[in-house]
Amino acid sequence: MNLPELGAFLRTRRDRIRPAEVGLPQGPRRRVPGLRREEVAQLAGLSADYYTELERGSAKNGVQPSAQTLAALARALRLNGDERDHLFHLAERPGPPSAHGPSAHVQPALLGLLDRLSNTPARVITDLHETLVENDLARNLLGRSPAHRGPAASFVYRWFTDPQARERYPPEDHPHHSRVFVADLQAAAAKRGRDAEVTKMIAVLRRRSQEFAALWDTHDVAVRRMDHKKIVHPTLGIIELDCYNLLSEDGRQRLLWFTAPPGSPGAEQLELLSVIGTQDLGITEGTAPEGLSAAESGSQP
């Protein structure tokens, strides 16, 4: 592993990013043109000390970044495909993660749009509804996406296996969302072909959920592009919003955002979200389903 080159590369990538590009305030007394080390660490979900060791290129503490860490840094530093590949090469890690899963590299076009959606809840997800990156308003609205690997990383999977995943939606709307999720998953599975990840997820869902199995056998298929949703917020109550999806060219990722007509109750509630913040949120978008085996969740023992 070429730690000095890796550290130098990280430092140059950090220097070129302005705080506003990643949703951070410029602030006074900023002595560097780009991001601070602690800011990169925060964006990547790392400790400041660990990131500092990486950038210094020091091997004294046995710094060995994992593929997941490198993928998080690639997102935080807004690396393009070539830069991401170079980062993995310097770290002597196998090729970057595929376009699937929570560690996938967010497509730059979708990430650029997400950066500009500062006044509306938005997130980038995969075709299996795995959250890749989201803004603060999305976390305020839906709760923070739990950190899972394997099938449990998918909100569709948690929808059919974990009752808590449905708590943000009124019970009378559950059948509609179930149909929409399954039809959308049918489309994703068809596009992926003989993909082991989606095949495993479908098999486990059929075994664990009679509702999913019945809907899957209808063979209804429809890519979700727009929907009207009611969100049960723990502080603001029911918020009625329109949910839009912008798909990437290959359909593997999508930018999802929520909005409401100007002057509507939903628009007023969205404005309050940025004031309330996350301190009042008592639940997340879904936790690990009870009784989920290590093999099904993809978690490590």
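A cavity is a set of points where a 1.4 Å probe fits but cannot get out. Keep that in mind for the first stop on this tour. The model you have open is a predicted one.

**Stop 1: an enclosed space**

Select Asp 127, Ala 187, Ala 188, Lys 191, Val 223, Leu 247, Asp 250, Gly 251, Arg 252 and Arg 254, and you will have the lining of the second largest cavity on screen. The space inside amounts to about 60 Å³. The structure has two cavities of 30 Å³ or more.

Try colouring the lining by residue type. You should find four nonpolar residues, one polar and five charged. Which helix gives the largest share of this lining? It is H9, with three residues.

**Stop 2: an open pocket**

Now move to the second largest pocket, whose volume is about 200 Å³. Select Asn 119, Thr 120, Ala 267, Leu 270 and Glu 271: of the 14 lining residues, these lie nearest the centre of the pocket.

Next, show strand E5 (253-259) and helix H12 (265-276), since each supplies at least two residues of the pocket lining. H12 gives the most, with four residues. Colour this lining by type as well, and seven nonpolar, six polar and one charged residue appear.

**Stop 3: aromatic rings**

A pair of aromatic rings is described by the distance of the centres and the angle of the planes. There are eight aromatic pairs in this structure.

Select Trp 159 and Tyr 169 for one of them: the ring centres are 5.6 Å apart and the planes stand at 75°, an edge-to-face pair. Trace the chain from one ring to the other. Trp 159 is in helix H8 (residues 155-161), while Tyr 169 is in the loop between H8 and helix H9 (174-192), 10 residues apart. Are these two residues buried or exposed? Both Trp 159 and Tyr 169 are buried.

For another pair, select Phe 160 and Phe 212. Their ring centres are 5.3 Å apart and their planes meet at 70°, so this pair is edge-to-face. Phe 160 belongs to helix H8 and Phe 212 to helix H11 (residues 210-216), so the pair ties together parts that are 52 residues apart in sequence. Phe 160 and Phe 212 are both buried.

Stay with Phe 160 a moment and add Arg 166 to your selection. The charged end of Arg 166 sits over the ring of Phe 160, 5.6 Å from the ring centre.

Before leaving, go back to Trp 159 and Tyr 169 and add Phe 155 and Phe 181. Together, these four residues form one aromatic cluster.

**Stop 4: the two faces of a helix**

Find helix H5, residues 81-90, and select Glu 83, Arg 84, Leu 87, Phe 88 and Leu 90, which are buried. Now look down the helix. The buried residues cover an arc of only 165° around the axis, which puts them on the same side of H5. An α-helix has 3.6 residues a turn, so residues three or four places apart point the same way.

Which exposed residues are on the face turned away from the buried side of H5? Select Asp 82 and His 89 to see them.

**Stop 5: two histidines in loops**

Select His 129, in the loop between strand E1 (122-126) and strand E2 (131-134). The phi angle of His 129 is near 65°, a positive value in a residue other than glycine. With a relative accessibility of 6%, His 129 counts as buried.

Then select His 219, in the loop between H11 and strand E3 (226-233). Phi of His 219 is near 60° and so is also positive in a residue other than glycine. His 219 is exposed, at 57% relative accessible area.

**Stop 6: two distances to draw**

Select Phe 9 in helix H1 (residues 3-15). Phe 9 has 11% relative accessibility and counts as buried. Draw a line from its C-alpha atom to that of Glu 55: the separation is 8.2 Å, although Phe 9 and Glu 55 are 46 residues apart along the chain.

Finish at Asp 136, in helix H7 (residues 136-142). Is Asp 136 buried or exposed? With a relative accessible area of 52%, Asp 136 is exposed. Add Ala 122 and draw one last line: C-alpha to C-alpha, Asp 136 and Ala 122 are 8.5 Å apart in space and 14 residues apart in sequence.

Definitions and conventions:
Residues are numbered from 1 along each chain as its sequence is written. This is a predicted model: local features need pLDDT of at least 70, side-chain atom pairs count only at pLDDT 80 or more; totals for chains, interfaces and linings use all residues. Side-chain values use heavy atoms; hydrogens and water are left out. Rings of Phe, Tyr and Trp (its six-membered ring) pair if their centres lie within 6.5 Å; planes under 30 degrees apart count as stacked, over 60 as edge-to-face and the rest as tilted. Buried means under 20% relative accessible area, exposed over 50%, partly exposed in between (1.4 Å probe, protein chains only). A charge sits over a ring if NZ of Lys or CZ of Arg is within 6 Å of the ring centre and within 35 degrees of the ring normal. On a 1 Å grid over the protein atoms alone, a cavity is a set of points where a 1.4 Å probe fits but cannot get out, and a pocket is an open set with protein on both sides within 12 Å along at least five of seven lines; lining residues have an atom within 4 Å of a point. Grid points are joined across faces, edges and corners, and a volume is the space filled by probe spheres set on the points. Ala, Val, Leu, Ile, Met, Phe, Trp, Tyr, Cys and Pro count as nonpolar, Asp, Glu, Lys and Arg as charged, and the others, Gly among them, as polar. The arc is that of the directions from the helix axis to the C-beta atoms.
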